[in-house]
Amino acid sequence: MKLRALPALVGAAALALGLAACSGSAGATGSSEEPTAEGGYAVDASTLVFGVVPDSVDTETNYQPLMDYIAKETGKKVEYHESTDYAALIEAAIAGKVDVASFSGFTYITATNNGAELTPISSIVTKEGQEPGYYSQAIVPKGSSVKSLADFTGRKVCFVDPSSTSGYLFPSYNLLEAGIDPEKDITPVFAGKHDVSVTKVGEGKECEAGFAEDSEVAKSDKVTKIAETMVPGAPLVYADALPDDVKKKLTDALSEVTIDDIIAAGVSSADSDAFRATFYATKPVDDKYYDVIRDICKKTNATQCQG
């Protein structure tokens, strides 16, 4: 079967999505002016555009110390650009509108399958001794009679986004393995963010079950985890169009850096409970690391994975 198509990849008109940037950032939604590319940069040689998907309400806060560190190590201004959804980040990467980005594994595969020229640098780990990777967790409201994936049949199920690795691709694969067609045997609900998926499942109204990444599930006392699958760590990537010296600076800065290194570089904001909850260090990853996602794409025949 083919999983749900990624709407933004249906036609060339979708390129107009670009990045729905934060107010005040170059190329913000609603502007009639396109950023002027210069020397392989998304905007100009003094600026690096850092693209992310708003996975939670704290996305910008979580990334700010890392962006400040990139600015110190490259000597460039780093602009935060938050996409409206995964599709918009993919289209921004294809159109050359981001220089550095934090992708999910699935988003990275989808983007490169559709023409984005990107190179993975590393993946963030949140605890000492941890390897890149995190868990996609199947969740139900506290006290639910749903005890396994097999019980999801006929229910309203929260996913995150059609291009989310832990919030759609892996859950869909796991449902198929449990004999459930994620398009026919359940009613899918796309929450847009991991924390929203958790909230909706906890409320038990819009969603009777669902999926989200472990870091957001752990924050809630309203849901129960009933299954989980390890997912390859989300990559930090750079755009291949960047000059070689900038790519080297980014690689040197981001391949293996700890929170203590970032603090020592003069980024005082990294020494906070909020940042420590989401970042401990980075570990190097390469394109081959994401072959497991390519394999699952083949097994699910997901339209999103196809170029």
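**First stop: Gly179**

Select Gly179, which sits in the loop between helix 4 and strand 7 (187-190). Helices (H or I, at least four residues) and strands (E, at least two) are DSSP runs, numbered from the N terminus. Is Gly179 buried or exposed? At 59% relative accessibility, Gly179 counts as exposed. Here buried means under 20% relative accessible area, exposed over 50%, and partly exposed in between, with a 1.4 Å probe and protein chains only. Now add Leu149 to your selection: Gly179 and Leu149 are 30 residues apart in sequence, and their C-alpha atoms are 9.2 Å apart in space.

Before you go on, a word about what is on your screen. This is a predicted model, in which local features need pLDDT of at least 70 and side-chain atom pairs count only at pLDDT 80 or more, while totals for chains, interfaces and linings use all residues. Residues are numbered from 1 along each chain as its sequence is written, and side-chain values use heavy atoms, with hydrogens and water left out.

**Zoom out**

Show the whole protein as a cartoon and you can look for 10 helices and 11 strands. Of the 307 residues, 50% count as buried. Contact means heavy atoms within 4.5 Å. Among contacts with a separation of 6 or more, 77% are between residues 24 or more positions apart.

**The disulfide**

Next, select Cys158 and Cys207 and show their side chains. These two cysteines form a disulfide, with their sulfur atoms 2.1 Å apart. A disulfide is a covalent bond between the sulfur atoms of two cysteines; the cut-off used here is a pair of cysteine sulfur atoms within 2.5 Å. By this rule the count comes to 1 disulfide. The link joins distant parts of the chain, 49 residues apart: Cys158 is in strand 6 (residues 156-159), and Cys207 is in the loop between helix 5 and strand 8 (209-213). Turn the view to look along the S-S bond: the link is right-handed, with 55° about that bond. Both cysteines are buried.

Stay here and add Lys200, in helix 5 (residues 194-203). Why does Lys200 count as buried? Its relative accessible area is 17%. Leaving out residues up to four places away in sequence, Lys200 touches both cysteines of the disulfide, Cys158 and Cys207, as well as Ala191, Lys205 and Glu206.

**Strand 6 and its partners**

Now colour strand 6. Two strands pair if DSSP finds at least two bridges between them. Strand 6 pairs with strand 7 in the parallel sense over 4 bridges, and Cys158 stands opposite Val189 in strand 7. Follow the chain from strand 6 through helix 4 to strand 7, and you trace a right-handed β-α-β crossover. Right-handed means that, with the strands pointing away from the viewer, the path from the first strand over the helix to the second runs clockwise. Strand 6 also pairs with strand 8 in the parallel sense, over 2 bridges; there, Val157 has Ala209 as its bridge partner.

**The open sheet**

Move on to a sheet of 6 strands, open and with mixed pairing, in the order 2-1-3-10-4-11. Which strands are at the edges? They are strand 2 (77-82) and strand 11 (281-284), each pairing on one side only. Inside the sheet, select strand 3 (residues 100-102) and strand 10 (residues 235-239), which run antiparallel and are joined by 3 bridges. One pair to find is Ser102 with Leu236 in strand 10.

**Helix 3**

Colour helix 3 next: 7 of its 9 residues are buried. Its buried residues include Phe106, Tyr108 and Ile109. What covers them includes helix 2, strand 4 (118-125), helix 4, strand 10 and helix 10. Just after helix 3, click on Gly115, which takes a positive phi of about 110°.

**Last stop: the core**

In soluble globular proteins, nonpolar side chains tend to be buried together. A nonpolar core here is a set of buried Ala, Val, Leu, Ile, Met, Phe, Trp, Tyr and Cys residues joined through side-chain atoms within 4.5 Å. Select Val98, Phe103, Tyr108, Leu118, Leu169 and Ile293: of the 32 residues in the largest core, these touch the most other members. Helix 2 gives the most to this core, with 5 residues. Finish on Leu118: leaving aside neighbours within four places in sequence, its contacts include Ala93, Phe103, Tyr108 and Val237.
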